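Could you walk me through this structure, with its sheet, its core and a few single residues? A plain account of the geometry would be welcome.

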Amino acid sequence: LNGGPPGDLYVIAKVREHDFFVRKGDNLFCEIPVTLYEAVLGAKIRVPTLDGTTMVNIPPGSASGDQVTLKGKGIPHLRGWGTGNQECILKIVLPQNLSREQKKLFTQLRELDQTDVRRHLKTG
């Protein structure tokens, strides 16, 4: 100031948490709700990104916790080329307040499916 010697400039920035995205390095993580039907049969759904929205393919047979990667939809690298990814973590939302007909259909599906998902458990 006023012809004095040069000095250092310190900048302190506080980054607020986002309501939807969680940042880990250059990657963004988000939780995407999908219906049981979308998870079982597969679907093409619209999801939010930093740049707006994009279409995402949900593979048939998806489970809660599965991740769908959107390459290059994360944060730009600070020192270098490229951008991180957006990881969409699927969360299956089960139907609530089923109608009588829906309950009947689910009962029929249960009777048709002979899969033992607990066969690996020792419940003797």
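Here is a short tour, starting with the sheet and ending with single residues.

Please keep in mind that this is a predicted model.

**The sheet**

Four strands make up an open sheet with mixed pairing, and their order is S1-S2-S6-S5. Its edges are strand S1 (22-24) and strand S5 (67-70), each of which pairs on one side only. On average, neighbouring strands of this sheet are turned by 30° against each other, with direction ignored.

The pairings within the sheet can be set side by side:

| Strand pair | Sense | Bridges |
|---|---|---|
| S1 and S2 | antiparallel | three bridges |
| S2 and S6 | parallel | eight bridges |
| S5 and S6 | antiparallel | four bridges |

Single residue pairs help to fix the register. Between S1 and S2, Val22 has Phe29 as its bridge partner. Glu31 is matched with Ile89 in S6, and Leu70 stands opposite Gln86, also in S6. The hairpin of S1 and S2 has two residues between the strands, and there Gly25 takes a positive phi near 65°.

**The core**

Which residues touch the most other members of the largest nonpolar core? They are Ile32, Val34, Val47, Ile58 and Cys88, out of 15 residues in that core. Two or more residues come from each of strand S2 (27-35), strand S3 (43-49), strand S4 (52-58), S5 and S6. S2 gives the largest share, four residues. As background, nonpolar side chains tend to be buried together in soluble globular proteins.

Val34 is a good residue to click on here. Leaving out residues up to four places away in sequence, Val34 touches Ala39, Ile45, Ile58, Leu90, Lys91, Ile92 and Val93.

**A helix in the open**

Helix H2 covers residues 100-112, 13 residues in total. From the first C-alpha to the last, H2 reaches 19 Å, close to the 18 Å expected at 1.5 Å a residue. Is H2 largely buried or in the open? The number of buried residues among its 13 is zero, so H2 lies largely in the open.

**An aromatic pair**

The model has one aromatic pair by the criterion used. The ring centres of Phe20 and Phe21 are 4.9 Å apart and their planes stand at 75°; the pair is edge-to-face because an angle over 60 degrees counts as such. The two residues fall into separate burial classes: Phe20 is partly exposed, with a relative accessible area of 27%, whereas Phe21 is buried, with a relative accessible area of 9%.

**Two residues outside the strands**

Asn85 sits in the loop between S5 and S6. With a relative accessibility of 18%, Asn85 counts as buried, because the cut-off is under 20%. What does Asn85 contact, apart from its neighbours within four places in sequence? The list runs through Asp26, Asn27 and Leu28, then Thr69, Leu70, Lys71, Gly72, Lys73 and Gly74. Among these, Leu70 is the residue already met opposite Gln86 in S6.

Asp19, in contrast, lies in the segment before S1. Its relative accessibility is 82%, so Asp19 counts as exposed. Asp19 and Cys30 are eleven residues apart in sequence, and their C-alpha atoms are 9.7 Å apart in space.

Methods: Residues are numbered from 1 along each chain as its sequence is written. This is a predicted model: local features need pLDDT of at least 70, side-chain atom pairs count only at pLDDT 80 or more; totals for chains, interfaces and linings use all residues. Side-chain values use heavy atoms; hydrogens and water are left out. Two strands pair if DSSP finds at least two bridges between them. Axes are lines fitted to C-alpha atoms, for helices over the stretch in contact, and angles run from 0 to 180 degrees between N-to-C directions. A nonpolar core is a set of buried Ala, Val, Leu, Ile, Met, Phe, Trp, Tyr and Cys residues joined through side-chain atoms within 4.5 Å. Buried means under 20% relative accessible area, exposed over 50%, partly exposed in between (1.4 Å probe, protein chains only). Contact means heavy atoms within 4.5 Å. The expected span of a helix is 1.5 Å times one less than its number of residues. Rings of Phe, Tyr and Trp (its six-membered ring) pair if their centres lie within 6.5 Å; planes under 30 degrees apart count as stacked, over 60 as edge-to-face and the rest as tilted.
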